[in-house]
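Hi there,

Here is the structure I promised to pass on. Have a look at it first, and then read my notes below.

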Amino acid sequence: MNGFVFITLLFFAFVVLMVFFISGLKGKRAVYLIAVTAALSAWFVGLLLDANIDFGMDLSFRILLPILAMGLCILNSVLKNKTD
């Protein structure tokens, strides 16, 4: 098994494990685990995109996507806790 397949399978195992942990938690701990899982998943996807897409310049998807994922998690948390 080459390294790419092994890392991809390890990533999917991590995501499945985190989904099981998140489904059993409520409150702040669930929000933190969702944010960490989203950021790590976005970093991994960005790393794959940076490695496989060549536009002649570094697009830094591995930096951009986790920042967007964390921002969306914060926005989601703020909108859930908003009381009118």
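**Asp50 and its helix**

Let me start with Asp50, which is found in helix α2. Please keep in mind that this is a predicted model. Asp50 counts as buried because its relative accessibility is 18%, and the cut-off for buried is under 20%. What does the side chain of Asp50 reach? It comes to 3.1 Å from the backbone nitrogen of Phe61. Leaving aside residues up to four places away in sequence, Asp50 touches Asp58, Leu59, Ser60, Phe61 and Arg62.

Now for α2 as a whole. This helix has 25 residues and reaches 36 Å from its first C-alpha to its last, close to the 36 Å expected at 1.5 Å a residue. Asp50 is one of its buried residues, alongside Ala30, Ala35, Thr37, Ala39, Ser41, Ala42, Phe44 and Gly46. And what do the buried residues of α2 pack against? Their partners are α1 (3-23) and α3.

The other thing to look at is the largest pocket, which holds about 170 Å³ of space. Both α2 (28-52) and α3 (61-80) supply at least two residues each to its lining. The residues that line this pocket are Ala30, Val31, Ile34, Ala35, Cys73, Asn76, Ser77, Lys80 and Asn81. By type, the lining divides into five nonpolar residues, three polar and one charged. Ala30 and Ala35 appear in this lining and are also buried in α2.

Enjoy exploring the model, and write back with any thoughts.

Best wishes

Terms used: Residues are numbered from 1 along each chain as its sequence is written. This is a predicted model: local features need pLDDT of at least 70, side-chain atom pairs count only at pLDDT 80 or more; totals for chains, interfaces and linings use all residues. Side-chain values use heavy atoms; hydrogens and water are left out. On a 1 Å grid over the protein atoms alone, a cavity is a set of points where a 1.4 Å probe fits but cannot get out, and a pocket is an open set with protein on both sides within 12 Å along at least five of seven lines; lining residues have an atom within 4 Å of a point. Grid points are joined across faces, edges and corners, and a volume is the space filled by probe spheres set on the points. Helices (H or I, at least four residues) and strands (E, at least two) are DSSP runs, numbered from the N terminus. Ala, Val, Leu, Ile, Met, Phe, Trp, Tyr, Cys and Pro count as nonpolar, Asp, Glu, Lys and Arg as charged, and the others, Gly among them, as polar. Buried means under 20% relative accessible area, exposed over 50%, partly exposed in between (1.4 Å probe, protein chains only). A polar contact is a pair of N or O atoms within 3.5 Å; within protein, one must be able to donate a hydrogen and the other to accept it, and residues adjacent in sequence count only if both atoms are side-chain atoms. Contact means heavy atoms within 4.5 Å. The expected span of a helix is 1.5 Å times one less than its number of residues.
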